[in-house]
Amino acid sequence: MCCVTIPRASFSTRTSFSYPGSSSSDWILEGDLNRDAPPAAVHVGGCRMAGKRWKGVPRDVALRALAEGVEACGHCRPEAELGFVDG
């Protein structure tokens, strides 16, 4: 018997997010498994703790996400880098 080649599925859900290291963005919003869900976390650009689904965003978008309650990464601490004070 010979092996059967199965074509890979289309990964169209990854079009709005990238893989770490593929961009030089200063701030990252990590996406959730459900692409319609709000972001899961905010990271400093280049953070190795960012998951597979993320997108680079400008500073004001990262600040707004933190103000709206999106979790800050405990590893890279974007809230300290942004000067964000909760409250």
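The following exercises, each with a worked solution, lead through a predicted model of one protein chain.

Residues are numbered from 1 along each chain as its sequence is written, and side-chain values use heavy atoms, with hydrogens and water left out. Because the model is predicted, local features need a pLDDT of at least 70 and side-chain atom pairs count only at pLDDT 80 or more, while totals for chains, interfaces and linings use all residues.

**Exercise 1. Find how confident the predictor is in the chain, and where the pLDDT is below 50.**

Begin with the scale: pLDDT is the predictor's confidence in each residue, from 0 to 100. The protein chain averages 79 on this scale, and 71% of the residues score at least 70. Next, look at residues 8-23, over which the pLDDT is below 50. Beyond near neighbours in sequence, this stretch has 20 contacts in the model, a contact being heavy atoms within 4.5 Å.

**Exercise 2. List the secondary structure elements and work out the order of the strands in the sheet.**

Helices (H or I, at least four residues) and strands (E, at least two) are taken as DSSP runs, numbered from the N terminus. On this basis the protein chain has 2 helices and 4 strands, which follow one another from the N terminus as β-β-β-α-β-α. To place the strands side by side, use the rule that two strands pair if DSSP finds at least two bridges between them. The result is an open sheet with mixed pairing, in the order β3-β1-β2-β4. Its edge strands are β3 (54-57) and β4 (71-72), each of which pairs on one side only.

**Exercise 3. Trace the pairings across the sheet, using E30 and A41 as markers.**

Start from β1 (27-30), which is joined to β3 by 4 bridges in the antiparallel sense; here the bridge partner of E30 is W54. Then turn to β2 (residues 41-44), which also runs antiparallel to β1 and is joined to it by 4 bridges, with E30 opposite A41. Finally, β2 and β4 pair in the parallel sense over 2 bridges, and A41 stands opposite E71 there.

**Exercise 4. Decide which residues of β1 and β2 are buried, and describe what lies across the sheet.**

A residue is buried under 20% relative accessible area, exposed over 50% and partly exposed in between (1.4 Å probe, protein chains only). In β1, W27 and L29 on one side and I28 and E30 on the other are all buried, so both faces of this strand are covered. L29, for example, counts as buried because its relative accessibility is 6%. In β2, A41 and H43 point one way while V42 and V44 point the other way, and all are buried. Helix α1 (residues 59-67) lies across β1, β2, β3 and β4 and runs at about 45 degrees to β1, where axes are lines fitted to C-alpha atoms, for helices over the stretch in contact, and angles run from 0 to 180 degrees between N-to-C directions.

**Exercise 5. Identify the residues with the most contacts inside the largest nonpolar core, and the element that gives the most to this core.**

A nonpolar core is a set of buried Ala, Val, Leu, Ile, Met, Phe, Trp, Tyr and Cys residues joined through side-chain atoms within 4.5 Å. The largest one has 13 residues, and W27, V42 and A62 have the most contacts inside it. Two or more residues come from each of β1, β2 and α1, with α1 giving the most, namely 3 residues. Leaving aside residues up to four places away in sequence, W27 touches a set that includes H43, V57, A62 and L82.

**Exercise 6. Determine whether R77 is buried, partly exposed or exposed, and describe its backbone and its place in the chain.**

First locate R77, which lies in the loop between β4 and α2 (78-82). R77 counts as partly exposed because its relative accessibility is 45%. Its phi is positive, at about 50 degrees, although R77 is not a glycine. As a last step, compare sequence with space: R77 and V42 are 35 residues apart along the chain, and their C-alpha atoms are separated by 8.7 Å.
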